[in-house]
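This report walks through selected local features of one protein model, with attention to strand pairing, a single residue's surroundings and charged side-chain pairs. Please read it alongside the sequence and coordinates.

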Amino acid sequence: MHLPSPVLKHGSRNRRYEPPVHLPVPSAHTAIYTEQDTHPPHGRAAFAHRDERANKTYERLQKKLKERQGVGGGGGLALSKDSPPPSPQKNRGTPPSGGDLQNGLGELDEEAKALQERLNSICKPVVTDIQARGASLSWVAPSRTEGDDEPKEEECVPVEPSFTYEVSVSYSGKDGKYKSSYSGVELSATLQDLRPATDYHVRVQAMCNCLQGVPSEPVSFTTLSCEPDRPSPPRKASGTKSSLVLQWKAPCDNGSKIQNYILQWDEGKGTGTFEQCYYGPQKQYRLTKLSTASRYSFRLAAKNDMGVSEFSEVVHIMTSCSVPAPPLSPELIQSGVTWLCVRWHRPAGSPKEDEIGYVLEMEEEGSGYGFQASYDGDELSHTVRNLHRSTTYRFRVVAYNAEGKSNPSSVSEFITAPDRPGCPCRLAVKGKPHPTSFRLTWDPPKDNGGSDVTKYVAELSEGLSGSSWNQVYNGSAMECVCDGLSPGCSYHARVHCISAGGESPLTEPLQVQTPPVPPGPCQPPRVGGKPKAREVQLRWAPPLVDGGSAVSLYSVEMFAPQVDEGREVYQGSELDCTVGSLLPGRTYGFRLRAANKAGYGPFSERSEVTTGPGAPEMCRPPHVTCKSPTCAVISWETPPSNGAAVSEYRLEWGAAEGSMQMCYTGAALSHELRGLLPATSYFCRVQAVNVAGVGLFSDVVLCQTPCSVPAPVSNVHALRESEMRVEGCKTTEMGEEDEDEEDEEARPLLYSPSTCLGLRWEAPCDHGSEITSYLIDLGERQPILTGPVTKYIIQNLQPDTTYRIRIQALNSLGAGPFSHTFKLKTKPLPPLPPRLECTASSHQTLRLKWGEGPSKAQPTDSLQYHLQMEDKSGRFISLYKGPCHTHKVQRLNESTSYAFRIQAFNEAGEGPFSTVYTFNTPRSPPAPLKAPRVERVEESCEVSWETLPPMKGDPVIYCLQSMQGNSEFKQIYKGSATSYQLPNLSSSTEYRFRICAIRQCQDAPEIIGPYSSTVILLPPRVDSPSVSGTTGSKAAEAQKPKRSMTDEQFSFLIIALLAVTSILIAVAIQYFVIE
């Protein structure tokens, strides 16, 4: 419900009546009543004339005031016989004097107070006849209080004043916002347009003339329930050719729950007669067995325990139709450069009630993409934009409804229009500009828009604004002459071209400046203000003719009394100057000339000026009083003025005697300065000024402000980890293996960065009192109080936690302001050591692995490891430090136990060492033997090999293997001997031999060493009869077996051949290519 807002008169309704300090004459009361009569408030009866009771009260008060004025003859209020009556508006500002008049004003004030108390005593209203949308109110007029004075005998009986009442209502609680709903003189009112089942609070307020009483106590009441509000029309949720599904929303129930809905329809007859088709609590309903493409009308009503609501507005809903027929081909309405406006018609035979949509398809000539949809909607026209100029486009239309799409229409072809040309290029000035003309030239546009340029148009604008343009050329040439110009002026030129496609855009304006000439003569200089004793201020106006260039300089010459030659006293760009060092009361001559870029103009006529009186004397030293550490009051006395009154004083103030600045100018004899620094020395001085000039400064006065609390702490930063030392504690740790496993020097123990934060700050200004301590605020934690230090380490913090820290300085006068809040975060706890494993071992090496991750270090690894091994003296030495997860320990002894431990560390610090892990190296195998030596002895051969010494007490035996032909190697001997004879050799078979050493361990299995390289024994050659008669020495040489090269020898030979080949290629390149 909307309640009308109250319109208040003469202030807000809660404003109390305040009796005036100076009561006006009776005519003023007339003005008050007249103002109330001529501005009636909204919603209340206008008082065109005062009633009889108000007239009597006014006459009685006027009579009392006249009697009081007549008695007090000596008060200065009696007027002469011929003097005019006093104006009520003027008397309103000057209170009358006289004791009797004051008594009369007091009585009038008491009557107003009594009336105000009576207005405030109004009782709360009574609510009757409460309905669903309205209620009736009544109240009692405010009665006279018991403390009112009885009227005197000579006074008439007081007339009962007339009251007006204002009723205000709130529907947001007792203390909510109240709105005015009634204003008048009646003692009852009817509230209308209320909301059903709603709590309201109502109060009444009494008013009389210009007085308003306080509102009464509010009364609460609740309106009754009623039938629901009028619901919204149902809407179509879905539908087919023969069915419709309707849905609706529940209206406001007005305090009683809605039980059922009544849905009525006209059965598609269109006669306006409705029949009920649904009655129930649901908010949707499905209708079936309907006609195709038919219109049905529906309306809805809601019902609760209080009755049935009004029916909703009638809504018309259509059932679906069949697929529409193909429409006619599209038609062109209008074409543009980048757009085409196309229209089409509704398919023939489609009912008007059928909701048909259209899809406009377009194909660009030569694009190869086919027809693409460019519009989908129910309009019969569409403008296709973003097309190419002078291009053919093909269009067709498809119609569709709820049942499906029609076949496309026949294709239509349309062509876009040509575009306008681009702007001309390279607009420039040809040659040097003259004072009254210049020549413009330009190039044709880069893009002519598809048609040739027919003419060019040049425009010219005078000045820098470019607001007014005049055409100076129109033709087919590409240059023109702009003449009839003013010298020294700035012009803007622009050009555009015209073709069949239209006008091109304008070029960017080209600024052209014509050369200037010297300025003309100036008017004689005139005196600015009254001349002073020793200086004269001169002013002048610019010359009427500036020569086409702004005046940049003025020169003033002065002629002293009885001197014919002038002396230059000013040269500058200002339009005034002050000439000093003059004598008081003397006549001086001045003349002026102006200059611009072209040079000086002629001198003006001479003007005569006479100096005035002198400046005031020097002031006495000012007196400084400090009101607070940041505030001081400076006062001074008036000096002798030397014939002209002092017009102002100038006060200079500063922290140094040589750098004082002006801080006050004015006519007052004191000034208050704020924003000073505590415990600081300041200097000040004052001077006086009158119309004749400025006096000398007084002697400098020194003052010092009192002490104060310290300034805020600034430049706070965190300590590095290397600076967080524990005082008095030393520790040592093993260093890296730099020199013979020596210990590092003892270094101080550091605080843990995971539980500690180090702070350092600069000591703020103490403002005259020494800083005694600092207070560190950590937010939710207890503040920390420190001594007068600038470094502190906060302990016992939570790891990986952010803290908001601010610092405050304290001295004997109190605590200063906190510093800016900054955030610091503790580091997380150091990592735990990983598990150490041995993944591979040999008699001289151990390969160790720890943790999960790649064997090689990654650039982003922040976690690193420190591996140590125990030496013979029981100390752990460093083996590896880095991010890898594996390490190979070399140069170890065979069959020996080694102890290891590992430690992880990251940016949070070093973690603890792991438990000691012990790993053993295995026994070493025998060394590889050289190839055995083989010698044939008749039908047998003898194989011999080198001898190996025992290995740490373990004996060494040998295993000889042979291979006959292409068979496999077989063992033919195993023992400690260093030679073996193989009998019964075949004369036509090739033999191969190899040897290896075997270490016989006492408490372990045998360890077989690597086999030597293979030696080949070739079969003997059969000699011919002619050769059989040779000497016995040659036969013996022929029977000697040929030794083949070993694998090592063959590898060395290949390497040598590659090296020689590389050297020869390098020499060839050096000789043939480079040289």
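The sections below describe a sheet, a threonine and several salt bridges in what is a predicted model.

## A three-stranded sheet

Three strands form an open sheet in the order β1-β2-β5, and their pairing is antiparallel. The edges of this sheet are β1 (126–128) and β5 (188–192), each of which pairs on one side only. Direction ignored, neighbouring strands of the sheet are turned by 30 degrees against each other on average.

Between β1 and strand β2, which covers residues 134–138, the antiparallel pairing runs over three bridges. Within this pairing, V127 has L137 in β2 as its bridge partner.

## The surroundings of T319

T319 sits in the loop that connects β16 (315–318) with β17 (331–335). With a relative accessible area of 4%, T319 counts as buried because that value falls under the 20% limit.

Two polar contacts of the T319 side chain involve backbone atoms: the side chain reaches the backbone oxygen of S291 at 2.6 Å, and it reaches the backbone nitrogen of S294 at 2.9 Å. When neighbours within four places in sequence are left aside, the residues in contact with T319 include T240, K241 and L244, as well as L290, T292, A293 and Y296.

## Salt bridges at accessible positions

Side chains of opposite charge can pair when their charged atoms come close. In this model the count of salt bridges comes to 30.

One of them joins the side chains of K269 and E267, with an N to O distance of 3.2 Å. K269 is exposed at 59% relative accessibility, whereas E267 is partly exposed at 35%.

Another salt bridge brings together D443 and R426 at 3.4 Å, N to O. This pair links distant parts of the chain, since D443 belongs to strand β26 (residues 438–443) and R426 to strand β25 (residues 425–430), 17 residues apart. D443 counts as partly exposed at 27% relative accessibility, while R426 is exposed, with a relative accessible area of 68%.

## A buried pair within a network

The side chains of D954 and R999 meet in a salt bridge with an N to O distance of 2.9 Å. D954 lies in the loop between β68 (940–944) and β69 (956–964), and R999 lies in strand β72 (residues 991–999), so the salt bridge ties together parts that are 45 residues apart in sequence.

Both D954 and R999 are buried. They also take part in a network of salt bridges that links them with E894 and K952.

Definitions and conventions: Residues numbered from 1 in each chain as written. Predicted model: local features only at pLDDT ≥ 70, side-chain atom pairs only at ≥ 80, totals over all residues. Heavy atoms only, no water. Pairing = 2+ DSSP bridges. Helix = DSSP H or I, 4+ residues; strand = E, 2+ residues; numbered from the N terminus. Axes fitted to C-alpha atoms, helices over the stretch in contact; angles between N-to-C directions. Buried < 20%, exposed > 50% of the residue type's maximum accessible area, 1.4 Å probe, protein only. Polar contact = N/O pair within 3.5 Å; in protein donor to acceptor, adjacent residues only side chain to side chain. Contact = heavy atoms within 4.5 Å. Salt bridge = Lys/Arg side-chain N within 4 Å of Asp/Glu carboxyl O.
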